[in-house]
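Ready for a few short exercises at the bench-side screen? Have a look at the chain below, then try each task before reading its solution.

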Amino acid sequence: PTPRHLCPCCDYVTLPERYNFLICPVCFWEDDGQDLDDLDSPSGPNHGITLRQGRQNFKDFGACERPMLKHVCSVEDRKAFEHRPRNID
C-alpha cells in the first residue's frame, strides 16, 4: 500500500492508513491513533511510552525506543519517504 499519512512519532509519510496499529518503518512506532493532541498518554502498543517520549527518542537516536533501532530503516532509506516535520510545544 502507498504511504499517505504521517507517522505521529517521526513525521515521515509512512502509513497507508491511520489508527490500524501499523508500524512505521522509519521509527518503529505502532500507530494506535494517538497524535499531537494526546502527547502525554502512555501508549500500550508502544510499551507504555508516550508519544512525546517517542518523538524525543526519534530526535535523539533515530527510533521511538532504543531497542527498536535494530528494526528501523537506515538514514539513507528514509529518503524514500516524505518528511513533514511538525513543531510541538
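The exercises below concern side-chain packing in this predicted model.

**Exercise 1.** Find the aromatic pair and classify its geometry.

*Solution.* Start with the count: the structure holds 1 aromatic pair. Its partners are Tyr12 and Phe58, with ring centres 6.3 Å apart and planes at 80 degrees. Planes over 60 degrees apart count as edge-to-face, so this pair is edge-to-face.

**Exercise 2.** Work out which parts of the chain this pair ties together.

*Solution.* First place each ring: Tyr12 lies in the loop between β1 (5-6) and β2 (13-15), and Phe58 in helix α1 (residues 51-61). The pair therefore links parts that are 46 residues apart in sequence. Next, check burial, for which the cut-off is under 20% relative accessible area. Tyr12 has 11% relative accessibility, so Tyr12 counts as buried. Phe58, at 11%, counts as buried too.

**Exercise 3.** Place Phe58 and Cys10 in the nonpolar packing.

*Solution.* The largest nonpolar core has 18 residues. Among those with the most contacts inside this core are Cys10 and Phe58. Now look around Cys10: leaving out residues up to four places away in sequence, Cys10 touches Cys24, Val26, Cys27, Phe58 and His83.

**Exercise 4.** Is Phe21 buried, partly exposed or exposed?

*Solution.* Locate Phe21 in the loop between β2 and α1. Its relative accessibility is 45%, so Phe21 counts as partly exposed. Finally, list its contacts beyond four places in sequence: Glu30, Asp31, Asp32 and Pro45.

How values were computed
Residues numbered from 1 in each chain as written. Predicted model: local features only at pLDDT ≥ 70, side-chain atom pairs only at ≥ 80, totals over all residues. Heavy atoms only, no water. Core = buried A, V, L, I, M, F, W, Y, C linked by side-chain atoms within 4.5 Å. Buried < 20%, exposed > 50% of the residue type's maximum accessible area, 1.4 Å probe, protein only. Contact = heavy atoms within 4.5 Å. Phe/Tyr/Trp six-rings, centres within 6.5 Å; stacked < 30°, edge-to-face > 60°. Helix = DSSP H or I, 4+ residues; strand = E, 2+ residues; numbered from the N terminus.
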